[in-house]
Amino acid sequence: MTDEIQSVAVKGYAWIKDFPSQLLINFVKTYNLLERILQQHYGQFGLSEAKFNALFLLYRAKGGLLLSELGEQMLVTRANITGLVDRLEKEGLVERFSHPTDRRSIIAKITRRGRKLIEAVIPTHMELNRKLLSCFNEEEKKLVVTLLEKFYQRLVQLEEKMQS
């Protein structure tokens, strides 16, 4: 590790002597700050991150999505997706429809109002993403994605071991 990177990594954590702990603290610190920035961003539009993600997925899915598919793509439980769609429906952003061949299945579709909202948010959201990551060149972005995916896979393995 270069001295410059080491000094940035240790900054504020001089009392922590091992680098793995410094790295994990920086992950948490970065995630928490990113979450606050995103909450403020979505809040400008009266949205939460979950509402934005659901509307975006429904916007991309022309014919709507089964609630189970929406929950799967958002990585949330059935109960959470039901509550989220309830809130979006109350706001007139989403509608529910019965599945044409399976009455037990419900399809969520974005409304015209929801479509107008997400179309207003997307350009601002893309600009924010660009600003957030402007400290990296393209090669560094690819490297960060690769490293985070590698770390994620390791976490999946450890979680599986812990559950068995």
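Helices are DSSP runs of H or I that span at least four residues, and they are numbered from the N terminus. In the predicted model described here, one such element is helix α3, which covers residues 49-60 and contains R60. With a relative accessibility of 55%, R60 counts as exposed, because the cut-off for that class is over 50%. Although R60 and I110 are 50 residues apart along the chain, their C-alpha atoms are separated by 9.5 Å.

Confidence in the protein chain was examined next. The mean pLDDT of the chain is 91, and 91% of its residues reach a value of 70 or more. Confidence is lowest in helix α1, residues 3-10, where the mean is 50, whereas the highest value, 97, belongs to helix α6, which comprises residues 112-132. Where pLDDT is low, the predicted coordinates should not be read in detail.

Helix α6 also holds H125. This histidine, H125, has a relative accessible area of 10% and is therefore classed as buried, the limit for that class being under 20%. The side chain of H125 is joined to the side chain of H41 by a polar contact of 3.3 Å. When residues up to four places away in sequence are not counted, H125 touches H41, Y42 and F52, so that H41 appears both as a polar partner and among the residues that H125 touches.

A further feature concerns the backbone at L75, a residue placed in the loop between α4 and α5. Most residues other than glycine have a negative phi. L75, by contrast, has a positive phi of about 60° although it is not a glycine. In contrast to the buried H125, L75 counts as exposed, at 76% relative accessibility.

The two helices that flank this loop also contribute to the second largest pocket, as described below. The volume of the second largest pocket is about 170 Å³, and its lining is made up of L66, L67, S68, R78, I81, T82, R104, S105 and I106. The elements that give two or more residues to this lining are α4, spanning 67-74, and α5, spanning 78-90. Of these elements, α5 supplies the largest share of the lining, namely three residues. In terms of chemical character, the lining residues of the second largest pocket divide into four that are nonpolar, three that are polar and two that are charged.

Technical notes: Residues numbered from 1 in each chain as written. Predicted model: local features only at pLDDT ≥ 70, side-chain atom pairs only at ≥ 80, totals over all residues. Heavy atoms only, no water. 1 Å grid on protein atoms, 1.4 Å probe; cavity = no way out; pocket = protein on both sides within 12 Å on 5 of 7 lines; lining within 4 Å. Points joined across faces, edges and corners; volume = space filled by probe spheres on them. Nonpolar A, V, L, I, M, F, W, Y, C, P; charged D, E, K, R; others polar. pLDDT = per-residue confidence, 0-100. Buried < 20%, exposed > 50% of the residue type's maximum accessible area, 1.4 Å probe, protein only. Polar contact = N/O pair within 3.5 Å; in protein donor to acceptor, adjacent residues only side chain to side chain. Contact = heavy atoms within 4.5 Å.
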